Amino acid sequence: LTERLRLFIITMDTRPDLPILKERLNNTFPEYGNGMLEISGIGEFASPWFGLKWADGERPQTFESALQLVAKTGWNFSQHTGSPAEYEFTTSTFEKVNAVTPIANLHWSLAHVGRINQDQLNRLKAIGAGVAVHPGQYLRIGTGTTKGAGPPIRMILDSGIHAGAGSDAAAFSILDPWLIIYYMVTGKNVRGDLINDGQQVTRTEALRMYTADNGWFTREEVKTGSIEPGKFGDLAVLSADYTDPTKVSDENIKHLKSVLTVVDGKIVYDEMK
């Protein structure tokens with residue numbers, strides 16, 4: 001491999017005795033791997049999720065029991081969330097699990113969080129959970145309904161909760177980090193329309209969310225995310241100085257790329273070759 005991969009195992013048991021999840025937990029363990037490819041936890045699901053009538057009050061029946069087992073066995077967990085009802089249900093379930101087995105050291109998180117509110121952020125922070133922000137709203141176009149498109153990145157950072165950023169899957173968003181970072185910094189979508197005003201973050205904050213802050217989600221913050229002695233020898237040399245707005249305008253953030261990539265101290269990409 002030329003890049004590090006971290007896996008979260010999906011399970012969607014419908015039976016209350018959770019046979020699939022139990023077999024997963026019995027036959028592997030967190031951090032199984034060799035540094036390049038490792039298992040990090042359970043997620044994005046631990047019970048059936050899609051197709052439920054959330055607006056009508058329908059909820060996953062095995063979710064709490066699955067999460068109680070995940071916590072009891074000491075695994076990391078990340079949950080997909082896409083609507084206010086999902087944020088509330090997941091936050092409430094995390095609180096119920098935490099009352100039995102504290103989860104702060106397990107680094108549990110909600111993913112996507114496009115419309116999460118301040119109360120939910122405060123409650124998650126109180127039990128040591130985090131949020132993984134995936135601003136795919138960069139691809140949203142139109143007028144009116146796109147104002148305040150989310151995620152509420154500024155509010156999330158100001159809350160003090162642990163937060164990182166990423167792209168989500170290419171089926172829903174885009175993998176190029178610089179397009180997402182452009183959106184985080186400017187609040188502007190692919191067409192250049194300002195759709196997330198008031199939730200912009202600084203260039204340094206966006207870069208940290210994409211790098212140093214992300215090690216927490218795989219419980220590897222002492223090994224990855226920043227250039228320090230004792231951490232993985234991974235780095236990218238950029239085509240221009242992202243930190244200097246006089247050299248890279250906001251619009252030109254979208255055109256940044258790596259000209260030299262080093263993984264584990266070895267060159268894996270060199271534009272000059």
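Start by selecting helix 6 (residues 177–186) and whatever packs around it: the cover over its buried residues includes helix 5 (153–159), strand 6, helix 7 (203–210) and strand 7. Contact here means heavy atoms within 4.5 Å, and helices (H or I, at least four residues) and strands (E, at least two) are DSSP runs numbered from the N terminus. The model is predicted, so local features need pLDDT of at least 70 and side-chain atom pairs count only at pLDDT 80 or more, while totals for chains, interfaces and linings use all residues. Residues are numbered from 1 along each chain as its sequence is written, and side-chain values use heavy atoms, with hydrogens and water left out.

**Stop 1: helix 6**

Colour the helix by burial. Nine of its ten residues are buried, so helix 6 is largely enclosed by the rest of the structure. Buried means under 20% relative accessible area, exposed means over 50%, and partly exposed lies in between (1.4 Å probe, protein chains only). Among the buried residues are Trp178, Leu179, Tyr182 and Tyr183.

Now look at the two ends. At the start of the helix, a side-chain oxygen of Asp176 comes to within 2.9 Å of the backbone nitrogen of Trp178. Just after the helix, Gly187 has a positive phi of about 75°.

**Stop 2: Lys254**

Next, select Lys254, which sits in the loop between strand 7 and strand 8. Which residues does Lys254 touch, not counting residues up to four places away in sequence? They are Tyr138, Asp176, Trp178, Leu179 and Tyr182. The side chain of Lys254 also makes a polar contact of 3.1 Å with the side chain of Glu251. A polar contact is a pair of N or O atoms within 3.5 Å; within protein, one must be able to donate a hydrogen and the other to accept it, and residues adjacent in sequence count only if both atoms are side-chain atoms. For a distance to draw, try Lys254 to Val190: their C-alpha atoms are 9.9 Å apart, with the two positions 64 residues apart along the chain.

**Stop 3: strands 7, 8 and 9**

From that loop, move to the strands. Strands 7, 8 and 9 make an open sheet in the order 7-8-9, with antiparallel pairing. Its edge strands are strand 7 (235–238) and strand 9 (266–270), each pairing on one side only. Two strands pair if DSSP finds at least two bridges between them; strand 7 and strand 8 (residues 258–263) are joined by four. To see one position across this pair, select Leu235, which stands opposite Val262 in strand 8.

**Stop 4: strands 4, 5 and 6**

Now show strand 5 (residues 130–133). Gly130 and Ala132 point one way, Val131 and Val133 point the other way, and all are buried. In a regular strand the side chains alternate between the two faces of the sheet.

Strand 5 pairs in the parallel sense with strand 4 (residues 109–112) over four bridges, and Ala132 is the bridge partner of Ala111. Follow the chain from strand 4 through helix 4 (residues 118–126) to strand 5, and you trace a right-handed β-α-β crossover. Right-handed means that, with the strands pointing away from the viewer, the path from the first strand over the helix to the second runs clockwise. Strand 5 also pairs in the parallel sense with strand 6 (residues 162–165), again over four bridges, and there Gly130 stands opposite His162.

**Stop 5: Gln79**

Select Gln79 in strand 3 (residues 76–80). Is Gln79 buried or exposed? Gln79 is buried, with a relative accessible area of 0%. The side chain of Gln79 reaches the backbone oxygen of Glu44 at 3.3 Å. Beyond its neighbours within four places in sequence, Gln79 has contacts that include Phe45, Trp49, Phe63 and Ala111.

**Stop 6: salt bridges**

Finish with the charged side chains. The structure holds 17 salt bridges, each being a side-chain nitrogen of Lys or Arg within 4 Å of a carboxyl oxygen of Asp or Glu.

- Arg154 and Asp158 form one with closest N and O atoms 3.1 Å apart. These two are four residues apart in helix 5, so about one helical turn separates them. Asp158 is exposed at 56% relative accessible area.
- Arg208 bridges to Asp213 at 3.6 Å. Arg208 is partly exposed at 44%, whereas Asp213 is buried at 16%.
- Glu228 meets Lys231 at 3.1 Å, N to O. Glu228 is partly exposed at 44%, and Lys231 is buried at 19%.
- Arg4, Asp234, Asp264 and Lys266 are joined into one network by salt bridges that share partners.
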